[in-house]
Amino acid sequence: MACLAFLAGCQRDREHHAQFFVFGTVVEVSTWGATDEQVGRAFTGLQQMFQAMHRDWHAWEPGLLTDANRAFAAGEPFEANGQIITMVRRAQAIEELTGGRFNPAIGGLVGLWGFHTSDYPVIGPPPGREQIDALLAQAPSTLDIHVDGMSMRSDNPAVQLDFGGLAKGFAVDLAVEYLRELGIDNAIVNAGGDLRAIGSHGERPWNIAVRKPGGGVVGVIEVDGDEALFTSGNYERFRQDQTERYPHILDPRTGWPVKDVASVTVLAGEGLLADAAATALVVAGLDDWREVARALHLEAVMVIDGTGDVYLTPAMAQRVRFTEDLGTVVTVD
Ligand code: AMP
Ligand code: MG
């Protein structure tokens, strides 16, 4: 559940912070230059918004999304809400653009792998190959979902929505939109290192840490304006048996976890796209990430492989200032 941990003013009351617990991570909201009254309203409102998102979008705790998945399985129509419809529509477009590498209709597979849990690592062998193949044969896709106003239905009963790959990004976007409605134009909404920043920190830009595989920070990016920075990786959430690690990002085309890259960092104009894209590019791997990034019209992308080598687009190379030595750094045009 979301909860407001603290509310504090500092730096001559120009900077305010609050923390919320949602989607299994701490969301930290920082504002610059807002009044006490503005942030008071903002933090109370955000608390309610995050709570509602947690309840409505959760992939396995009973709520609106699990009800929707039950309706899909039964071939019945389901009355959703505007946020869920937006995520479905955006997911459909991104699934197509990424050639099916990003596919939030694979909730059945994610559950089969035991990843519908907050308790990591998951211990034990992978699911049986026959079970995986049986789900794969049903080919669940967000494109099986038909939307009519707020109503949606699936003509494939195997469709089970799991928004784990983009929900944080959309939540951050909605939070930013709300802050702006209240007249707060300088802020960071940071969900465990994945964030969107708007405006600036007074006279200087926001300094944003770029996460690295295994925890810690690889570098810093300055944001002045409006940008989202998201990192997806194979290092935090995984299943472990005696011999192997099976990361939580699955290739929807094989039903198996992807291991090629350690992390992908994406800079984009909005959280939803940055979040979904980071997940999709982990699936695309070292061979295809550049092509898929182009299809998504992303300019600034960084990929770190299993040995610590770094691949950057020229736009990312211009923006990131490394604070740590990694492996070889290659700019890929
Ligand atoms: P992220 O941490 O943003 O990379 O999202 C990972 C989460 O997205 C997983 O925990 C699953 O819930 C879900 N997921 C896993 N594989 C995929 C995929 N190929 N496409 C869309 N969502 C996925
Ligand atoms: Mg993601």
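The lining of the largest pocket is a mixed one: in this predicted model, its residues divide into 18 nonpolar, 16 polar and nine charged. Together, 43 residues line this pocket. To find its middle, look for Asp162, Gly164, Gly165, Arg237 and His248, the lining residues that lie nearest the centre of the largest pocket. The elements that give two or more residues to this lining are α1 (36-57), α6 (167-181), β12 (225-233) and α7. As for the room inside, the largest pocket has a volume of about 1,100 Å³.

What sits in the largest pocket? Ligand 1 does, and it is worth turning the structure until you can see it. Around ligand 1 there are 18 residues, and those that come nearest are Asn103, Asp162, Ser232, Leu250 and Thr279. By class, the shell around ligand 1 is made up of eight nonpolar, six polar and four charged residues. Which helix gives the most to this shell? Helix α7, which spans residues 271-295, does so with three residues.

Now let us follow some polar contacts of the ligand. Serine 232 reaches out with its side chain: one of its polar side-chain atoms lies 2.5 Å from an oxygen atom of ligand 1. Serine 232 is also among the residues that come nearest to the ligand. Glycine 164 takes part through its backbone, where an N or O atom lies 3.3 Å from an oxygen atom of ligand 1. You have met glycine 164 already, as one of the residues nearest the centre of the largest pocket. The backbone of arginine 101 meets the ligand too, with a polar atom 3.0 Å from a nitrogen atom of ligand 1. How much of ligand 1 does the protein cover? On its own, ligand 1 has 490 Å² of accessible area, and the protein covers 94% of it.

Next, leave the pocket and look for enclosed space. Rolling a probe the size of a water molecule over the atoms shows where empty space is left. In the whole structure, a search finds one cavity of 30 Å³ or more. The volume of the largest cavity is about 30 Å³. Lining the largest cavity are Ala105, Ile106, Gly107, Gly108, Leu109, Leu135, Pro140 and Ala158. By class, that makes six nonpolar residues, two polar ones and no charged ones. Helix α4, residues 107-112, gives the most to the lining of the largest cavity, with three residues.

From helix α4, you can move on to a detail of the backbone. Proline 121 lies in the loop between α4 and β5 (122-123). A cis peptide bond joins proline 121 to tyrosine 120, with omega about -5°.

Another loop deserves a visit before you finish. Between β2 (15-22) and β3 (25-32) lies a loop that holds phenylalanine 23. Here phi is near 55°, a positive value in a residue other than glycine.

Key:
Residues numbered from 1 in each chain as written. Chains lettered and ligands numbered in written order. Predicted model: local features only at pLDDT ≥ 70, side-chain atom pairs only at ≥ 80, totals over all residues. Heavy atoms only, no water. Near = heavy atom within 4 Å. Polar contact = N/O pair within 3.5 Å; in protein donor to acceptor, adjacent residues only side chain to side chain. Areas by Shrake-Rupley, 256 points an atom, 1.4 Å probe, with all protein chains shown as cover. 1 Å grid on protein atoms, 1.4 Å probe; cavity = no way out; pocket = protein on both sides within 12 Å on 5 of 7 lines; lining within 4 Å. Sits in = over half its atoms within 2 Å of the grid points. Helix = DSSP H or I, 4+ residues; strand = E, 2+ residues; numbered from the N terminus. Nonpolar A, V, L, I, M, F, W, Y, C, P; charged D, E, K, R; others polar. Points joined across faces, edges and corners; volume = space filled by probe spheres on them.
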